[in-house]
Amino acid sequence: EEPQPTVVPSCPLPGKICDVVRSERPRSCCGMAMAGFRTAKYQVPEWHRRNAGIYYKAFAVSEEAERGRAEAKHLVKHAAASAQRAQEYSKTTLGQRLQDIHFWRVELQKEVMELDAETNLLAAQKLRLERALDATEVPYGVVIDNLECRERRQPPDLVIDEVERQLLKEADLIRDIRDLLKRTIIQATTQIRSNRIQKENCELDWSDKVETYHIDDKCVGYCNDSTNVQFHPSSVKFEENASTPKSWAQFSHDNISSAEQEKLASVQLRSLINNIIHDASEDLRMQRAAVNEAFDNHCRELDDAKLRLEQHLEQILKDIGEEEANIVNLKKAIREKEAHLKVAHTRLYDRSFRPNIELCRDEPQFRLVSEVEELTVFLEALKRKLMESEQNLKNLEETRMKLEKEIAVKANSIFIDRQKCMSYRVRYPVDLEVASYK
């Protein structure tokens, strides 16, 4: 504010009375001619008052100038001290700001490094999942081949047995494991993408912090003697999009918090991947053992069934031989009885030509008739027995053919299960967890 001039109280100037000697000369026309000049001049009091005003004005201006010089000296001194204090305070605040920037820069750099390391670990786990998924192709191919081979069993043995149920269960298990591994791979890919996005956000924030640190550090080094300082009036105003210290710190805090959340989710996902691979490996191992046990049991059952069939076939072949000998004996006995019957018939026929009274029902006649009846009964019995024996022989032959067919079926089933399926299952991977590292 401009200083006000000192008010000097006005006082009346001392008056001075001047006596004018009037001329006794008579008035002339010349006096009348000079009358206009006399009236245009100041009077003496006016002249004194005017001089007094000039004196007063000079005094006031001098006093104002002296007061202005004192105020200017005081202002220069005050401005110098204030400017020095303001500059020191600004330098102090810049130093504190540098500490804050350095703190967040270190935290962000630490978070970036940890998130990058965690992303690499998760990428390694994702690679394990992909290798484990590739490793399931072999057991799945083995199971499908086993099922297709067992479809070539002949109808009597083409049954849904325990082996087939275990194979179907194993196929479903492998499909479920493959689907789980694929979903987990997608989840890992998404998490890796999220980690990298958050890492990029932290890197951008860290890069801004580094650039800002260099700028503020350069600002701290400025002083009045610096050669690269100049006026920038347009930089005094605040930018509309400028952040506040609270929002500035909250922004970095949010980035670090989001990075921590993504890192925690990544760690949990890695643990989940380990559990998935371990559990899948254990499930496959147990199911493979169950299938192998079912194959072993079924092959033993087939061996026992084939052995029993072979024993029955051996007995049937023996029975066939005995039945054929029995039929030969029966035919021979029938021929012999027919010979006896012919003799008896011939005797009766010849005795029917006895003349007159000689045609007597004597004892030989009754005996011959009785012999014919007995021979007829025996022949009928022998013929029935021959028919039964021939039917038995036919049944034995059919049974032999069925046994031989069943033995062939069992041999084919044993060949499929033992030679085709079990030998092919040797290619089954030992451990899915181990395969995920190869």
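**Exercise 1. Secondary structure**

How many helices and how many strands are there in the protein?

*Solution.* The model is a predicted one. Its secondary structure consists of eight helices and zero strands. Read from the N terminus, the order of elements is therefore α-α-α-α-α-α-α-α, where a helix is a DSSP run of at least four residues.

**Exercise 2. The span of helix H7**

Compare the end-to-end reach of H7 with the expected value, and identify the residue that caps its N-terminal end.

*Solution.* Step 1: H7 covers residues 363-424, which amounts to 62 residues. Step 2: the expected span is 1.5 Å times one less than the number of residues, and for H7 this is given as 92 Å. Step 3: from the first C-alpha to the last, H7 reaches 88 Å, close to that expectation. Step 4: the N-terminal end of H7 is capped by Asp362, which places a side-chain oxygen 3.0 Å from the backbone nitrogen of Gln365.

**Exercise 3. Aromatic pairs**

Determine the geometry of each aromatic pair and classify the exposure of its members.

*Solution.* Step 1: the pairing rule requires ring centres within 6.5 Å, and the protein has two aromatic pairs by this rule. Step 2: Phe103 and Trp104 are one pair, with 5.2 Å between centres and 75° between planes. Because planes over 60 degrees apart count as edge-to-face, the Phe103 and Trp104 pair belongs to that class. Step 3: Trp104 has a relative accessible area of 15% and is therefore buried, since buried means under 20%. Phe103, at 43%, is partly exposed. Step 4: Tyr349 and Phe353 also form an edge-to-face pair, with centres 5.0 Å apart and planes at 85°. Step 5: exposed means over 50%; Tyr349 has 52% relative accessibility and so counts as exposed, and Phe353, at 56%, is exposed as well.

**Exercise 4. Charges over rings**

Which rings lie beneath the charged ends of Arg97 and Arg105?

*Solution.* Step 1: the charged end of Arg97 sits over the ring of Trp248, at 3.7 Å from the ring centre. Step 2: for Arg105 the ring is that of Tyr213, with a distance of 4.5 Å to its centre.

**Exercise 5. Burial, surface and contacts**

Describe the protein by its buried fraction, accessible surface and contact separation.

*Solution.* Step 1: of the 438 residues, 27% are buried. Step 2: the accessible surface is about 31100 Å², and carbon and sulfur atoms contribute 57% of it. Step 3: among contacts with a separation of 6 or more, 90% join residues 24 or more positions apart.

Methods
Residues numbered from 1 in each chain as written. Predicted model: local features only at pLDDT ≥ 70, side-chain atom pairs only at ≥ 80, totals over all residues. Heavy atoms only, no water. Helix = DSSP H or I, 4+ residues; strand = E, 2+ residues; numbered from the N terminus. Buried < 20%, exposed > 50% of the residue type's maximum accessible area, 1.4 Å probe, protein only. Contact = heavy atoms within 4.5 Å. Areas by Shrake-Rupley, 256 points an atom, 1.4 Å probe, with all protein chains shown as cover. Phe/Tyr/Trp six-rings, centres within 6.5 Å; stacked < 30°, edge-to-face > 60°. Lys NZ or Arg CZ within 6 Å of the ring centre and 35° of its normal. Polar contact = N/O pair within 3.5 Å; in protein donor to acceptor, adjacent residues only side chain to side chain.
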